[in-house]
Amino acid sequence: MENALNLDTVRLAENKKELILLDQTLLPNETKYITMDKAEDIWEAIYSLRVRGAPAIGCAGAYGYYILADQLETDNMDIFVAECTKIMEYINSSRPTAVNLSWALNRMHGVLMAEKEQKTVAEMKLRLMEEADAIYNEDIQISRNIGTYGFELLEKIGKGAGIMTHCNAGTLATAKYGTALAPMYIAIEKGWNPKEDLHVYCDETRPLLQGARLSSYEMQAAGIDTYVQCDNMASYTMKSGKIDIIFVGCDRVTANGDFANKIGTSGVAIIAKYYGIPFYVCAPSSTIDMTMETGDEIRIEQRKPEEVTEMWYKERMAPEGVGVVNPAFDVTDNSLVTGIITEKGIAYPPFKEAFEKMGIRPVEKFVDKQ
């Protein structure tokens with residue numbers, strides 16, 4: 001089993017004209033890269049979770065924006081801007097909840113709007129490629145920083161820590177290292193014995209099974225003592241005393257510290273609060289949306305019923321015609337959160353004040369105005 005850190009979740013092809021993605025729908029049984037340069041294919045790859053995880057989606061969106069902009073055959077800047085606006089809005093429509101996608105697209109479009117008067121279309125295309133590369137490279141350092149702060153929490157617990165996580169916020173969800181799984185990667189770099197010093201419990205994360213398929217794959221491939229548990233086993237594991245700390249990722253954090261993450265996260269947080277287990281959210285500052293005051297404002301993506309009734313089964317597992325509830329995310333109240341680990345440090349309640357001290361401010365949006 002190949003260490004996931006050796007895999008490229010998302011990258012720009014050497015010809016600078018195509019996007020290359022690791023198809024995560026095939027993991028852990030098959031490692032396959034897909035290459036694309038068409039708007040419809042990029043949209044489908046994001047929507048269908050071939051690339052997933054908020055930071056990785058942001059990188060894919062940024063590269064997609066550049067690739068499609070580079071294909072525009074015009075020297076007229078006004079036409080170029082108008083077409084890029086359409087590209088931005090189209091890509092953004094693929095996943096509404098994860099703020100990193102709109103954040104990256106807004107950043108790309110912001111460069112265009114700020115520099116369009118000083119550059120030709122050809123120069124602007126190169127500038128957009130540079131910005132997409134910057135987003136990608138920054139994400140690697142952001143993940144390392146989050147991992148370092150998370151590792152400091154593990155050090156306080158001591159070797160032998162039991163860690164629970166939900167969904168997949170590892171290197172497969174970012175450019176490299178991940179967010180919620182980054183502390184374990186850093187621990188190994190610091191010399192911790194992965195088999196003896198780290199014990200990771202991965203919620204399977206129904207219905208798309210990112211914990212079972214992806215997080216357990218990453219952790220086991222890194223040599224860590226790893227366990228998969230059904231989502232409804234989390235309370236049992238916590239009560240048994242096996243869990244010392246919980247790390248989860250997120251797709252959007254509001255100003256008050258409410259956050260959206262893969263469905264089931266709020267339940268884990270509620271149980272952790274009951275048993276007194278520290279619950280930390282690993283959140284790049286790009287996922288913190290200071291334009292939203294509370295989690296009530298977050299738009300929750302509703303996905304197809306087939307993901308629940310038949311997607312992973314040889315035969316259909318629910319009766320034909322039954323209604324299906326399939327939200328992709330839920331919102332966890334900030335009162336259940338011990339701290340939010342960013343690349344700038346760990347924020348503790350009250351979260352809005354902590355974010356402001358970190359210099360996190362609302363940013364202008366060209367898309368994602370809900």
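Let's start with Tyr 65 and what surrounds this side chain in our predicted model. Leaving aside residues up to four places away in sequence, Tyr 65 touches Cys 84, Ile 87, Met 88 and Ile 91, and also Leu 105, Met 108, His 109, Leu 112 and Leu 128.

So where does that put us? Tyr 65 belongs to the largest nonpolar core, which has 44 residues. Along with Leu 19, Leu 21 and Phe 80, Tyr 65 is among those with the most contacts inside that core. As a general reminder, nonpolar side chains in soluble globular proteins tend to be buried together.

Which elements give two or more residues to this core? On the strand side we have β1 (10-12), β2 (19-22) and β3 (33-36). The helices are α1 (39-47), α2 (54-70), α3 (77-92), α4 (99-115) and α5 (121-157). The largest share comes from α2, with 11 residues.

There is also a second, separate core, and this one has 35 residues. Leu 172, Cys 202, Phe 247 and Cys 282 are included in it.

Now, on to a sheet. Here 4 strands form an open sheet with mixed pairing, and the order is β11-β8-β9-β12. Why do β11 and β12 each have one side without a neighbour in the sheet? Because β11 (288-289) and β12 (329-332) stand at the edges, each with a single partner strand.

For β11, strand β8 (residues 252-254) pairs with it in the parallel sense, over 2 bridges. If you'd like to find one of them on screen, Thr 254 has Asp 289 in β11 as its bridge partner.

Finally, helix α10 (residues 265-275) packs on this sheet, where it touches β9 (259-262) and β12. The directions of α10 and β12 make an angle of about 35 degrees. Thanks, everyone!

Key
Residues numbered from 1 in each chain as written. Predicted model: local features only at pLDDT ≥ 70, side-chain atom pairs only at ≥ 80, totals over all residues. Heavy atoms only, no water. Core = buried A, V, L, I, M, F, W, Y, C linked by side-chain atoms within 4.5 Å. Buried < 20%, exposed > 50% of the residue type's maximum accessible area, 1.4 Å probe, protein only. Contact = heavy atoms within 4.5 Å. Pairing = 2+ DSSP bridges. Axes fitted to C-alpha atoms, helices over the stretch in contact; angles between N-to-C directions.
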